[in-house]
Amino acid sequence: MDELQHDVRVSLGYADPAKNVYIAISGSGTLFRDVQKATQLWSFEQRAYYPHGPADERLAVLRVLIERAEILDCSRTASYLLSAVKAAVTGIPVDVIVRITRSSER
């Protein structure tokens with residue numbers, strides 16, 4: 001909380017190693033108290049940090065205004081590498097090839 005008073009820039013990361021998906025988000029953050037939102041997001045495990053539950057006066061919600069988000073989906077690494085080779089040979093952008101490949105797999 002103290003750091004946000006000096007610099008509102010934040011970076012968040014999410015990883016799902018089982019699915020080989022990774023997300024990085026950067027933007028500006030603000031903290032606010034919202035017991036209703038805290039209750040909605042609440043899980044029992046958080047009681048270890050906030051013993052008074054969602055109404056704990058030390059609990060705040062972090063709102064991030066996203067300026068940049070990057071997703072790395074490595075779940076299809078082999079097919080992506082093949083698509084990259086196709087893109088290099090044909091001159092078709094790799095994202096177009098990946099989109100076509102994925103739609104034909106459905």
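1. Tyr-22 has Leu-72 as its bridge partner in strand E3. A second position of this kind is Ile-23, which stands opposite Ile-71 in E3. Strands here, like helices, are DSSP runs numbered from the N terminus (H or I and at least four residues for helices, E and at least two for strands). The model is predicted: local features need pLDDT of at least 70, side-chain atom pairs count only at pLDDT 80 or more, and totals for chains, interfaces and linings use all residues. Residues are numbered from 1 along each chain as its sequence is written, and side-chain values use heavy atoms, with hydrogens and water left out.

2. Strand E2 (residues 21–32) pairs with E3 in the antiparallel sense, over twelve bridges. E1 and E2 are also paired in the antiparallel sense, over eight bridges. Two strands count as paired if DSSP finds at least two bridges between them. In general, strands of a sheet pair through backbone hydrogen bonds, either parallel or antiparallel. For Leu-12, the bridge partner in E2 is Ile-25.

3. The three strands form an open sheet in the order E1-E2-E3, with antiparallel pairing. Strand E1 (9–16) and E3 stand at the edges with a single partner strand each, so one side of each has no neighbour in the sheet. On average, neighbouring strands of this sheet are turned by 25° against each other, direction ignored; the axes are lines fitted to C-alpha atoms (for helices over the stretch in contact), and angles run from 0 to 180 degrees between N-to-C directions.

4. E1 and E2 form a hairpin, with four residues between them. In the turn, Asn-20 has a positive phi of about 55°.

5. As for the whole chain, the secondary structure of the protein comes to four helices and three strands. Read from the N terminus, the order of elements is α-β-β-α-β-α-α. Among contacts between residues at least 6 apart in sequence, 52% join residues at least 24 apart, where contact means heavy atoms within 4.5 Å.

6. Trp-42 lies in the loop between helix H2 (35–41) and E3. Leaving out residues up to four places away in sequence, Trp-42 touches Arg-47, Tyr-50, Gly-53, Pro-54 and Leu-59. Trp-42 and Pro-54 are twelve residues apart in sequence, and their C-alpha atoms are 6.6 Å apart in space.

7. The structure holds three salt bridges (a side-chain nitrogen of Lys or Arg within 4 Å of a carboxyl oxygen of Asp or Glu). Side chains of opposite charge can pair when their charged atoms come close. One salt bridge joins the side chains of Asp-7 and Arg-9, at 2.7 Å from N to O. Asp-7 is partly exposed, because its relative accessible area is 33%, and Arg-9 is exposed at 64%. The cut-offs are under 20% relative accessible area for buried, over 50% for exposed, and partly exposed in between (1.4 Å probe, protein chains only).

8. Another salt bridge links the side chains of Arg-58 and Asp-56, at 3.5 Å from N to O. Asp-56 has a relative accessible area of 2% and therefore counts as buried, while Arg-58 is partly exposed at 47%.

9. The side chains of Arg-68 and Glu-70 also meet in a salt bridge, at 2.8 Å from N to O. Arg-68 is exposed, with a relative accessible area of 51%, and Glu-70 is partly exposed, with 42%.

10. On the surface, Met-1, Leu-12, Leu-31 and Leu-62 form a nonpolar patch with about 360 Å² of accessible area together. Patches are made of residues with over 30% relative accessible area and no salt bridge; like charges are joined within 9 Å, and nonpolar side chains (Val, Leu, Ile, Met, Phe, Trp, Tyr) within 5 Å. Leu-62 belongs to strand E3 (residues 61–73) and is partly exposed, because its relative accessible area is 38%.

11. The accessible surface of the protein comes to about 8500 Å², and 57% of this belongs to carbon and sulfur atoms. These areas come from the Shrake-Rupley method with a 1.4 Å probe; for residues, only the protein chains shown count as cover. Of the 106 residues of the protein, 15% count as buried.
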